[in-house]
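Reader: Could we go through a structure together? I should like to learn how one reads it.
Author: Certainly; here it is.
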Amino acid sequence: MDDKLFRAAMGKFTTGVTIITTEVDGGVRGMTANAFMSVSMDPKLILISVGHKAKMKEQIEASGQFAVNVLSNDQKEMSMIFAGQKTDKQDVEFNYFEGLPVIDNSLVSIACDVHNSHDEGDHTLFIGKVKNIEIQDGDPLAFHEGSYKQLQEA
Ligand code: FAD
Ligand code: NAD
């Protein structure tokens, strides 16, 4: 099957946008991701899917932990920075939560330990065991058909 058809189909499924963050030997890294879901209530587990070519894969494997930062609709620039969509290098300041770097002003930051991982095709599914959650009010950034969108009341 054609890659374009697959992407066009998956792009019809509207998602939020997250930045996955972790730290290895004092080096903080982030990666924009929309492949995120809730998995289990008891125990509290979430899932992210990271491409094998993404540097984030080795970084999560090395640190054994990561945070998922759910972006608000005024954080499109952050999403672009951590998707490599900005040409110039950007300085980003991180806060710390449960010993993990997190993105300031996110709607939610979820601190996780790696509970399990599964290689599937050209991605690795990391199951995160939730250690703690920070949450704040605001509207989400959305991603639909390869473009950033804002939610509107139906
Ligand atoms: P890099 O390419 O090295 O890092 C990504 C970018 O973040 C670089 O520009 C880098 O300079 C910057 N950066 C990293 N750390 C810092 C720091 N400390 N300070 C400042 N800048 C920093 N890919 C997936 O595998 N899974 C997904 O679910 C997924 N969803 C996506 C959703 C959207 C909406 C978009 C736009 C992209 C998505 N991608 C996803 C693609 C992914 O974001 C990119 O391929 C990304 O470049 C991979 O990052 P990397 O780990 O290889 O690291
Ligand atoms: P796009 O049109 O490529 O993405 C539409 C949808 O297709 C995404 O929401 C995702 O569900 C799926 N998708 C895209 N690339 C994929 C991949 N390599 N593996 C699995 N699913 C994928 O959107 P765009 O704005 O052109 O994306 C910018 C860049 O980010 C592209 O290089 C794209 O490949 C990458 N991206 C990767 C993933 C992922 O790995 N899960 C998700 C979104 C975007």
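Author: Please keep in mind that this is a predicted model. We may begin with ligand 2, where an oxygen atom is 3.4 Å from a polar backbone atom of Gly146.

Reader: How much of the accessible area of ligand 2 does the protein cover?
Author: On its own, ligand 2 has 660 Å² of accessible area, and the protein covers 57% of it.

Reader: Which residues are around ligand 2?
Author: The residues around it are Arg7, Met10, Gly11, Asn34, His123, Phe143 and Gly146. By type, this shell divides into two nonpolar residues, four polar and one charged.

Reader: Which side chains have a polar atom close enough for a polar contact with ligand 2?
Author: Arg7 is one of them, with a polar side-chain atom 2.9 Å from an oxygen atom of ligand 2. His123 is another: an N or O atom in its side chain is 2.6 Å from an oxygen atom of the ligand.

Reader: And where does ligand 2 sit, in terms of pockets?
Author: Ligand 2 sits in the largest pocket.

Reader: Back to Arg7. Is it buried or exposed?
Author: Arg7 counts as exposed because its relative accessible area is 67%, and the cut-off for exposed is over 50%. The residue is found in helix H1, which covers residues 3-10.

Reader: How far apart are Arg7 and Gly146 in sequence and in space?
Author: They are 139 residues apart in sequence, while their C-alpha atoms are 8.6 Å apart in space. Both residues are among those around ligand 2.

Reader: Asn34 was on that list too. Which side chain does it have a polar contact with?
Author: The side chain of Asn34 is joined to that of Thr15 by a polar contact of 3.3 Å. Thr15 is found in strand E1, residues 15-16. It counts as buried because its relative accessibility is 16%, and buried means under 20%.

Reader: Let us change to ligand 1. How many residues surround it?
Author: Ligand 1 is surrounded by 25 residues, and the closest are Val28, Thr32, Gly51, Lys55 and Met56. The shell divides into 14 nonpolar residues, nine polar and two charged.

Reader: Which pocket is that one in?
Author: Ligand 1 sits in the second largest pocket. The elements that give two or more residues to its shell are strand E3 (27-33), strand E5 (45-51), helix H2 (55-63) and helix H3 (76-82).

Reader: Which of them gives the largest share?
Author: That is E3, with six residues of the shell.

Reader: What about polar atoms of the backbone around ligand 1?
Author: A polar backbone atom of Gly30 is 3.3 Å from a nitrogen atom of ligand 1. Thr32 has a backbone N or O atom 2.8 Å from an oxygen atom of the ligand. For Gly51, a backbone N or O atom also lies 2.8 Å from an oxygen atom of ligand 1.

Reader: And how much of ligand 1 is covered?
Author: The protein covers 77% of the 980 Å² of accessible area that ligand 1 has on its own.

Reader: You mentioned helix H2. What can you say about Ile60?
Author: Ile60 is found in helix H2. It counts as buried because its relative accessibility is 1%. Its C-alpha atom is separated by 8.7 Å from that of Phe126, and the two residues are 66 apart along the chain.

Reader: New topic: which residues does a cis peptide bond join?
Author: It joins Asp42 and Pro43, with omega at about 5°. Pro43 has its place in the loop between strand E4 (36-40) and E5.

Reader: Why would one point that out?
Author: Because most peptide bonds are trans. Likewise, most residues other than glycine have a negative phi.

Reader: Which residues here have a positive phi, then, without being glycine?
Author: Asn105 is one of them, with phi near 65°. It is found in the loop between strand E8 (100-103) and strand E9 (108-120). Glu145 is another, with phi near 50°.

Reader: Where is Glu145 found?
Author: Glu145 is in the loop between strand E11 (141-144) and strand E12 (147-150). It counts as partly exposed because its relative accessible area is 42%.

Methods. Residues numbered from 1 in each chain as written. Chains lettered and ligands numbered in written order. Predicted model: local features only at pLDDT ≥ 70, side-chain atom pairs only at ≥ 80, totals over all residues. Heavy atoms only, no water. Near = heavy atom within 4 Å. Polar contact = N/O pair within 3.5 Å; in protein donor to acceptor, adjacent residues only side chain to side chain. Areas by Shrake-Rupley, 256 points an atom, 1.4 Å probe, with all protein chains shown as cover. 1 Å grid on protein atoms, 1.4 Å probe; cavity = no way out; pocket = protein on both sides within 12 Å on 5 of 7 lines; lining within 4 Å. Sits in = over half its atoms within 2 Å of the grid points. Nonpolar A, V, L, I, M, F, W, Y, C, P; charged D, E, K, R; others polar. Helix = DSSP H or I, 4+ residues; strand = E, 2+ residues; numbered from the N terminus. Buried < 20%, exposed > 50% of the residue type's maximum accessible area, 1.4 Å probe, protein only.
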